[in-house]
Amino acid sequence: MRITCPICGARDRREFYYMGAAVALDRPVPEADAAAWNAYIHERDNPAGLTRDLWYHEAGCGAWLVVTRDTISHEVHGVTLASDMRAGG
Amino acid sequence: MRFAQGGLIDREAPVEFSFDGRSYRGFAGDTLASALLANDIRLMGRSFKYHRPRGPLTAGSEEPNALVTLGEGPGQEPNARATTCEVHDGLVARSQNRWPGLGFDLLGVNDWAAPFLGAGFYYKTFMWPKSFWERLYEPLIRRAAGLGSLSGVASAETCDKAFAHCDLLVIGAGPAGLMAALAAARAGADVILADEDTRPGGALLRESGEVAGQPGAHWAVQVSEELAGMDNVRIMCRTSVTGVYDHGTYAALERAAPATVRREGAATETFWRIVARRTVLAAGALERPVAFRDNDRPGVMLAGAVRAYANRWAVRPGRAVAVFGNNDSAHRTARDLMARGVHVCALVDARHGARTDLDLPFFPGAVVSRAHGGRRLEAVDIRMPGRSLRLRADCLAISGGWNPSVHLTCHLGARPVWDADLVAFLPGAGAVPGLDVAGAASGVFSTAGCLESGWHAGMAAARALDLKPVEAAIPKAEDGHYDIVPLWAVPGKGRAWVDFQNDVTVKDVSQAAQENFRSVEHMKRYTTQGMAPDQGKNSNVVALAVLADATRDGIPETGTTTFRPPFTPVSIAAMGAGAQGMGFAPRRLTTSHRVSLRRGAPMLEVGLWYRPSHYPRVGEATWRESCDREARMVRESVGITDVSTLGKIDIQGPDAARFLDFVYTNRFTTLAEGRVRYGLMLREDGHVMDDGTTARLGPEHYLMTTTTAAAGQVLRHLEFVHQCLCPHMDLRLISVTEQWAQFAVAGPRASALLEEVLQGPLDLPFMGCRAVSMGPVGARLFRISFSGEQGYEIAVPSRYGEGLFSRLVDRAEALGGGAYGMEALNVLRIEKGFITHAEIHGRVTAFDIGMAGMISKDKDCIGKAAAARPGLLGAEREQLVGLRPVKSGAAILAGAHLFEEQAEAISRHDQGYVTSTCHSPALGDTLALGFLRNGRARHGEVVRMVEHLQGVETLCRVSDPLAFDPAGGRMRD
């Protein structure tokens with residue numbers, strides 16, 4: 001598997017650390033209720049198809065990336081810097 | 001026997017080798033199989049289950065029969081295929097799975113017992129009593145059935161691993177692969193051309209036809225020379241592409257030529273990871289046999305293999321050769337043998353109405369129904385409508401048709417597609433993104449067709465790579481016809497082999513169907529067809545056709561089993577190249593490592609780091625004596641230890657302090673310059689991630705320390721929080737763990753020592769920090785303590801680490817102290833109740849360790865919301881406590897569990913557990929830390945420690961974790 005880091009280019013997946021769903025970007029406000037916090041910390045989908053995952057280019061530039069990919073075809077549809085996603089929205 | 005001329009062997013370079021203890025001669029260019037056949041040796045192995053005598057069936061990597069053990073001693077290689085093993089001077093090969101010898105094998109008795117040993121025999125027979133399976137049945141079966149074995153001793157031979165990138169990977173250097181490589185390379189693509197054979201050419205090496213007006217093998221040399229002369233081409237012979245992975249990643253195994261290994265001491269095998277933007281699969285096709293009675297006799301070979309032995313290696317395959325097939329391949333073999341003057345006693349063609357121009361006994365519409373002979377073929381039965389005939393023959397060439405090598409196209413999950421005209425499976429369209437299939441692998445079976453198909457695939461790859469293809473003429477070659485009728489198994493009595501390697505017969509496959517193992521995947525597992533080194537390369541299609549016949553399903557409906565990597569066997573040694581012994585994990589060494597070794601310190605592995613356990617002195621017999629002395633030394637004078645392994649993260653920027661407020665539970669915006677503060681870090685789920693100190697070095701400059709174990713995790717976490725949760729904060733982070741060497745100087749005489757080294761007053765309050773210098777070297781001094789004594793840590797750029805450590809230890813020794821290791825460091829911190837990852841192991845909260853008060857009420861931080869959840873605080877939680885034996889000196893063991901004094905020691909009554917333990921010289925007793933339910937309210941109570949593994953029980957008194965100098969005066973003043 002290869003991931004194209006927006007900073008470093010296409011690299012083998014061994015350079016990356018996998019965190020999980022990009023849900024982790026959407027941290028609730030501190031005063032959010034227990035259900036919101038529970039969903040943020042624990043609840044994850046397990047989709048067959050498109051996923052948005054967070055990967056960390058640990059053996060590269062240190063960038064956190066949002067990788068959109070397909071768990072069936074293994075195709076990677078897009079890679080963006082997590083910091084850009086947050087800045088943009 | 002060898003023909004007087006011809007072949008691609010070097011008759012000027014004879015070689016001598018041995019097989020089963022006897023010496024033979026061959027030529028450079030021979031395989032072990034061709035050289036043995038040239039010496040009239042046909043019997044090369046015994047079959048897996050019935051111990052039937054076997055000779056080579058094929059001339060390639062798909063060989064099921066001629067498996068041998070190469071070499072002797074630690075590096076012996078079992079299950080090597082004689083058909084691909086290059087002979088060289090001094091080669092030692094042995095046959096396998098026979099006792100006492102290959103010619104007379106006592107376990108051949110299995111063959112007589114065959115009526116009882118069919119499919120499912122083991123499952124049905126060795127059922128009772130159950131306990132006999134592991135102790136008796138399995139060892140016996142493994143002894144009786146099997147292949148070669150490893151030596152069991154570590155080998156000095158080396159394997160290697162390597163990585164390559166290219167625009168185009170061409171798999172297979174036959175006519176299609178050579179043309180594909182040529183087309184793409186001329187357009188400027190970076191090309192890797194990989195082929196498992198010792199030289200490019202593929203099928204051209206075995207066929208007699210011409211390409212561009214010259215023998216095919218000559219043309220292959222000419223093209224590969226052109227390719228080899230181009231800077232953008234790398235030809236990798238002896239390299240089998242074994243697996244296809246996502247996004248253009250391919251695994252390949254390269255075997256070094258024997259001569260290279262001997263001359264240069266090169267790695268015997270190299271495991272490659274190749275990343276290719278485009279790929280052309282030109283892996284050719286594999287011929288399949290026909291099942292008929294006793295078709296496994298030595299001397300029965302595939303028709304293409306017989307051509308290979310005759311044409312490529314100039315081996316006369318027999319005195320009287322019969323040829324049998326259902327397609328044109330059989331005719332080609334008869335023609336080539338006759339051209340060599342070999343007596344072809346019969347050409348048997350299953351096709352009714354087949355014709356030949358050859359002057360030989362021709363039997364159209366007939367089949368071979370039985371082979372006769374024992375250790376070599378003696379005669380064949382030919383059956384035709386209305387009559388049959390027995391002919392003497394010592395070699396039978398058979399062809400049941402050709403299977404395109406679709407294996408690699410299926411590695412990402414695609415299924416091959418049945419082609420009724422070719423009577424074969426073809427690669428599915430778009431099976432592997434970026435991969436095109438050319439030549440025989442795509443079902444093109446003529447040389448002219450392969451050249452053309454390869455050329456077009458190379459041109460298409462060039463265009464896909466945005467390169468400009470260069471048009472050129474495709475060389476002329478034979479444009480033969482391929483006509484075939486289905487023929488899988490010749491009906492009749494007796495056993496007809498489908499899978500030679502696993503001793504699976506037509507009857508076994510039919511029986512599987514009868515017993516309702518009708519799915520091809522079930523049949524495979526029930527009969528073991530298609531397992532072992534050849535993975536069914538010769539037998540899969542025949543087996544599923546026989547199954548389809550038995551179940552009355554069609555072949556396409558029956559389908560194939562799943563093709564998985566590797567295409568050919570890959571030794572674990574090659575896949576794990578470089579990872580034996582010290583190569584298993586990287587070693588991280590501190591700058592003081594050599595000094596510690598010189599002082600005799602044994603090393604402990606702490607993650608990837610190596611840290612000194614203790615520094616033994618004359619007269620100290622055990623680590624405990626050294627440890628006790630070192631701990632006392634720190635309490636009484638001064639000790640030095642290397643703390644460089646702690647993670648150091650440099651944090652700078654206008655928002656650095658706000659950021660620290662967010663990642664730590666406590667405040668850092670209030671930390672003054674020149675001060676250090678202890679910080680506690682949570683995971684978002686409310687559990688403790690790590691702890692450490694952070695120093696404010698400048699207005700916008702902080703230095704965080706982490707524990708050794710969590711350094712990587714904390715850096716990753718900080719980057720996550722910054723980039724993913726608060727990218728608007730203006731700051732930068734970087735690990736400086738490797739850049740600074742840092743040493744703790746601890747004990748009542750620490751100040752005195754440092755004042756001497758720094759040549760001036762230290763002038764530093766507890767939890768202060770400042771820049772200092774030692775001559776021209778800038779250093780950092782922190783007043784922090786992990787020992788409970790007056791303590792400092794001094795940091796210098798790593799290149800000065802060794803020198804500073806030596807100097808500090810020398811000075812400490814002059815003051816009655818010295819270096820101390822991990823064991824004493826651990827004792828000192830347990831005495832003080834300081835936690836490490838033994839305590840903050842991932843399941844404890846700030847509340848559990850008594851630090852709930854450190855979660856600031858008036859700011860947010862990571863983990864704050866979750867830390868307040870019900871269940872993560874309260875009396876039911878197991879809380880950090882100190883433990884001491886009621887009876888002085890009794891053992892408390894880490895990992896042991898705690899129970900109420902009278903309760904039965906079962907999990908339902910579990911009250912907690914011990915995390916850290918030591919003998920405290922300062923207190924003169926055993927001392928431990930642990931977690932106990934509602935522990936903070938139970939100081940003074942007695943609990944029972946039970947360690948079930950060693951059967952140790954100790955009554956312990958619960959106490960505050962802080963056991964030594966509770967007021968902290970020694971550390972602060």
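Before counting anything: helices here are DSSP runs of H or I with at least four residues, strands are runs of E with at least two, and both are numbered from the N terminus. Keep in mind that this is a predicted model.

**Exercise 1. Take stock of the two chains: how many helices and strands does chain B have, and what is the pattern of chain A?**

Solution.
- Step 1: with the run rule in hand, chain B comes out at 24 helices and 50 strands.
- Step 2: chain A has two helices and six strands, and along the sequence they read β-β-β-α-β-β-β-α.
- Step 3: put boxes around the C-alpha atoms along the principal axes. Chain B spans about 110 × 70 × 55 Å, while chain A fills roughly 40 × 30 × 20 Å.
- Step 4: add burial. Of the 973 residues of chain B, 52% count as buried; for the 89 residues of chain A the figure is 22%.
- Step 5: look at contact range. In chain B, 66% of the contacts with a separation of 6 or more involve residues 24 or more positions apart. In chain A, 50% of the contacts between residues at least 6 apart join residues at least 24 apart.

**Exercise 2. Split chain B into its assigned domains and find how far apart the centres of domains 3 and 6 lie.**

Solution.
- Step 1: the assignment begins with domain 1 (10–121), domain 2 (158–284 + 404–464) and domain 3 (289–400). Note that domain 2 is given as two segments.
- Step 2: the rest of the list is domain 4 (486–558), domain 5 (587–872) and domain 6 (874–973).
- Step 3: the C-alpha centres of domain 3 and domain 6 of chain B turn out to be 83 Å apart.

**Exercise 3. Check the geometry of helices α10 and α5 of chain B, then see how covered they are.**

Solution.
- Step 1: α10(B) covers residues 447–464, which is 18 residues. The expected span is 1.5 Å times one less than the number of residues, so 26 Å is the target for α10(B), and its end C-alpha atoms are indeed 26 Å apart.
- Step 2: do likewise for α5(B). Its twelve residues reach 16 Å from first C-alpha to last, close to the expected 16 Å.
- Step 3: count burial. α10(B) has 13 of its 18 residues buried, and α5(B) has twelve of twelve. The buried residues of α5(B) include Met179(B), Ala180(B) and even the charged Arg186(B).
- Step 4: look just past the ends. Asp466(B), following α10(B), has a positive phi near 60 degrees; Gly188(B), just after α5(B), has a positive phi of about 105 degrees.

**Exercise 4. Which residues touch the most other members of the largest nonpolar core, and what surrounds Ala346(B)?**

Solution.
- Step 1: the largest core has 173 residues, and Ala180(B), Val323(B) and Leu396(B) touch the most other members. Helix α5 of chain B (residues 175–186) gives the most to this core, with nine residues.
- Step 2: a separate core has 120 residues, among them Tyr615(B) and Val745(B).
- Step 3: follow Val323(B) outwards. Beyond four places in sequence, its contacts include Ala303(B), Val344(B), Ala346(B) and Ala397(B).
- Step 4: move to Ala346(B), in strand β19 (residues 343–349) of chain B. The cut-off for buried is 20 or more other C-beta atoms within 10 Å; Ala346(B) has 22, so it is buried.
- Step 5: list its partners more than four places away: Ala322(B), Val323(B), Pro361(B), Phe363(B), Ile382(B) and Leu391(B).
- Step 6: for contrast, take Tyr245(B), 101 residues from Ala346(B) along the chain; their C-alpha atoms are separated by 47 Å.

**Exercise 5. Describe the side of chain A that touches chain B: which element gives the most to it?**

Solution.
- Step 1: 21 residues of chain A are in contact with 17 residues of chain B.
- Step 2: on the chain A side, the elements giving two or more residues are α1 (34–42), β4 (50–56) and α2 (82–88).
- Step 3: α2(A) gives the most, with four residues.
- Step 4: by class, that side has 14 nonpolar, three polar and four charged residues.
- Step 5: check confidence. Chain A has a mean pLDDT of 94, with 96% of its residues at 70 or more. Among its elements, α2(A) has the lowest mean, 76, and strand β5 (residues 64–70) the highest, 98. Where pLDDT is low, predicted coordinates should not be read in detail.

Definitions and conventions
Residues numbered from 1 in each chain as written. Chains lettered and ligands numbered in written order. Predicted model: local features only at pLDDT ≥ 70, side-chain atom pairs only at ≥ 80, totals over all residues. Contact = placed C-beta atoms within 7 Å. Domains from an automatic or database assignment. Core = buried A, V, L, I, M, F, W, Y, C linked by C-beta atoms within 7 Å. pLDDT = per-residue confidence, 0-100.
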